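Welcome! Please take a moment to look over the sequence and the model before reading on.

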Amino acid sequence: HMRVLSGIQPTGRPHWGNYFGAIVQYIALQDAEQAYYFIANLHALTTVRDKQLLAQYSLDAAMDLIALGLDPQQAVLFVQSDVPEVSELCWILLSGTPMGLLERCHAYKDKKAKGLTADAGLFAYPVLQAADILAYDSDTVPVGEDQVQHIEVCRDIAGSFNHQYGEVFVLPKAKVLDSSARVPGTDGEKMSKSYNNTLAVFEDAKAQKKQIMRIATDSRPMDESKDPQDDVLYLLYSLVAAESDRAEMAELYQRGGFGYGDVKKKLAEAAEAFFADARSRREDWQRRPDDVRDILAAGAAKARQKAGEVLNRAQEACGLKGF
Ligand code: TYM
């Protein structure tokens, strides 16, 4: 009886890290007792400052998720800002969150370390995320490894609220896939929009092939054997290739005598085949934006009902109601 929740920021189109780290899990878990998935536009507001772009990315994200196999009949799909209860809950949580807890969080810490000034929204980002999770009594949060710290912060915040006021919140757990918790980008670092090393799921096949052919490789002699797990091309290939092709490729690496150019071609072909159905479904949804808006409106109504119950519980527990 899992109660699942996760969110994705509409800061651009989804990349392989989002898909293999998180979205695959959303789809696998969508038949849970409760599955809530949302487009985190309030979080994206901390970085996307272009009104049209934020709105466009938000609708795109919904179409992308549905095209990839998220079924809005099974899971509740909605936009974060359509559930104002979460922002109210966020304030209640902020009131009891130690500064030090947030000062240790990566996004804020990294920005500070670079000598940049941060907005209060970035600082408070993990508390809004905690509100997202707690508002639906979620126990399972499918994410990539980079979000695990945020789930831990959520547990801390929920735990101290419960300690102060009684058992109000469910303590959630992160769910991370062993195989793709940290998908590498084209430069071998974690794939991330901010590193400019992403492969987009809905990329045009020709453009994606070009991108793949440009991936930098080492100058290993052709006949030398190589550990496939050390090579970003192999790691990416293993995400999109059929199991038998993947095993064959691993053998080729161990035997030596292959060229990176061939591996890249195979990677581009496998990627195209892997995402072909989703890409064509995505084109269909593109022509039906109003249907997607309806799906999001229905999702928001369901989400508000649940979040309203939990908000009420929290308000009563801390003396905001019942006088
Ligand atoms: P976001 O939008 O950065 O990423 C969405 C999901 O993709 C995962 N991910 C990856 N997984 C594996 N390898 C990678 N290279 C990779 N890059 C991204 C992320 O871990 C994430 O699961 N703060 C969240 C959004 C959010 C949220 C929430 C998530 C807001 N509220 C409540 C869970 C619960 C974020 O920025 O994800």
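This report walks through the ligand, its pocket and a cavity.

## Meeting the ligand

Keep in mind that this is a predicted model. A good place to begin is the ligand, which has 28 residues around it. Gln 9, Tyr 125, Asp 132, Asp 146 and Val 183 come nearest. Sorted by class, this shell holds twelve nonpolar, twelve polar and four charged residues.

Which elements each supply at least two residues of the shell? They are strand 1 (3–8), helix 1 (16–28) and helix 7 (120–134).

## Polar contacts with the ligand

Three side chains are worth finding on your screen. Gln 9 places a polar side-chain atom 2.8 Å from an oxygen atom of the ligand. For Asn 18, an N or O atom of the side chain is 3.1 Å from an oxygen atom of the ligand. With Asp 132, the partner is a nitrogen atom of the ligand, 2.8 Å from a polar side-chain atom.

How much of the ligand's accessible area does the protein cover? On its own, the ligand has 710 Å² of accessible area, and the protein covers 95% of that.

## The pocket that holds the ligand

Where does the ligand sit? The ligand is found in the largest pocket, whose volume is about 1600 Å³. In total, 48 residues line this pocket, and the closest to its centre are Gln 9, Asp 146, Gln 147, Lys 190 and Ser 192. Gln 9 and Asp 146 may look familiar: they are also among the residues that come nearest to the ligand.

Several elements give two or more residues to the lining of the largest pocket: strand 1, helix 1, helix 6 (106–113), helix 7, strand 4 (140–142) and helix 8 (148–165). By class, the lining of this pocket comprises 19 nonpolar, 20 polar and nine charged residues.

## A cavity to look for

Now for an enclosed space. Searching the whole structure for cavities of 30 Å³ or more turns up one, and the largest cavity contains about 60 Å³ of space. Its lining is made up of Ile 8, Gln 9, Gly 12, Pro 14, Asn 18, Ile 23, Ala 61, Asp 64, Leu 65 and Lys 193. Two of these, Gln 9 and Asn 18, also have a side-chain atom paired with an oxygen atom of the ligand in the distances given earlier.

Helix 1 and helix 3 (51–68) each supply at least two residues of the cavity's lining. The largest share, three residues, comes from helix 3. Sorted by class, the lining of the largest cavity has five nonpolar, three polar and two charged residues.

How values were computed:
Residues numbered from 1 in each chain as written. Predicted model: local features only at pLDDT ≥ 70, side-chain atom pairs only at ≥ 80, totals over all residues. Heavy atoms only, no water. Near = heavy atom within 4 Å. Polar contact = N/O pair within 3.5 Å; in protein donor to acceptor, adjacent residues only side chain to side chain. Areas by Shrake-Rupley, 256 points an atom, 1.4 Å probe, with all protein chains shown as cover. 1 Å grid on protein atoms, 1.4 Å probe; cavity = no way out; pocket = protein on both sides within 12 Å on 5 of 7 lines; lining within 4 Å. Sits in = over half its atoms within 2 Å of the grid points. Helix = DSSP H or I, 4+ residues; strand = E, 2+ residues; numbered from the N terminus. Nonpolar A, V, L, I, M, F, W, Y, C, P; charged D, E, K, R; others polar. Points joined across faces, edges and corners; volume = space filled by probe spheres on them.
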